[in-house]
Amino acid sequence: LRFVGDDGYLDLARRIRDGVHRLVSGVSEIPELTVLGRPDFALVAVASREAGIFHVADEMKARGWEIQVQLGHKGRPPNLHFLVSRGNSLRLDELLRDLRVSVRLAKKSEPGPLRAMAAELLSSGVPGPDVFRELLAAVGVRGARLPERRAEIYELMQEFPREWVRSVVLEYFSEAFTPAAA
């Protein structure tokens, strides 16, 4: 506030508010997408029943956009969180163009090969750390490094019971931040 002053702050707030309105309007023109709620400032949550939302995130990432994914919970569908800032408010036309392409490509995505593995794990009770390590390796997790495409990871996390998700995440962070043996 000291740097931009009152007028600068108000201009910044207007840009973000107007950007949110432009984003909501643009998303509303993509039939496969739905804006969740009525965003009034900065954060816009977007879901889809027709395109795998996690695959949309992967396609956006391939185009240089890092979009936060949100697992579905308590009746809310899995969704993407778009945070409108001063910087990206200047690129919303590009973002919406890439979003249209990403939705089209995501609709063509096939379910990953880990569905059978997940079904087997789900039927056997809560697995131990070795099984979690095997599962993380199967989806491409190597130490702290995640694969470029993460839709399959999010899809499995969406299907797993919450206590499993906690265990997998804890195992990931345990592996990622444990120094290698000398």
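**Salt bridges, a surface patch and the largest pocket**

Asp11 and Arg15 sit four residues apart in helix 1, about one turn of the helix (helices are DSSP runs of H or I with at least four residues, numbered from the N terminus). Their side chains meet in a salt bridge at 3.2 Å, N to O (a side-chain nitrogen of Lys or Arg within 4 Å of a carboxyl oxygen of Asp or Glu). The model is a predicted one, in which local features need pLDDT of at least 70, side-chain atom pairs count only at pLDDT 80 or more, and totals for chains, interfaces and linings use all residues. Residues are numbered from 1 along each chain as its sequence is written, and side-chain values use heavy atoms, leaving out hydrogens and water.

By this rule, nine salt bridges are counted. Arg63 pairs with Glu59, with the closest N and O atoms 3.2 Å apart. Glu59 is buried at 10% relative accessible area, whereas Arg63 is partly exposed at 28% (buried is under 20%, exposed over 50%, partly exposed in between, with a 1.4 Å probe and protein chains only). Another salt bridge joins Glu66 to Lys61 at 2.8 Å. Salt bridges with shared partners link Glu59, Arg63 and Arg149 into one network.

Turning to the pocket, the largest one has a volume of about 200 Å³ (the space filled by probe spheres set on grid points joined across faces, edges and corners). A pocket here is an open set of points on a 1 Å grid over the protein atoms alone, where a 1.4 Å probe fits, with protein on both sides within 12 Å along at least five of seven lines; lining residues have an atom within 4 Å of a point. Helix 8 gives the largest share of this lining, four residues.

How values were computed
Helix = DSSP H or I, 4+ residues; strand = E, 2+ residues; numbered from the N terminus.
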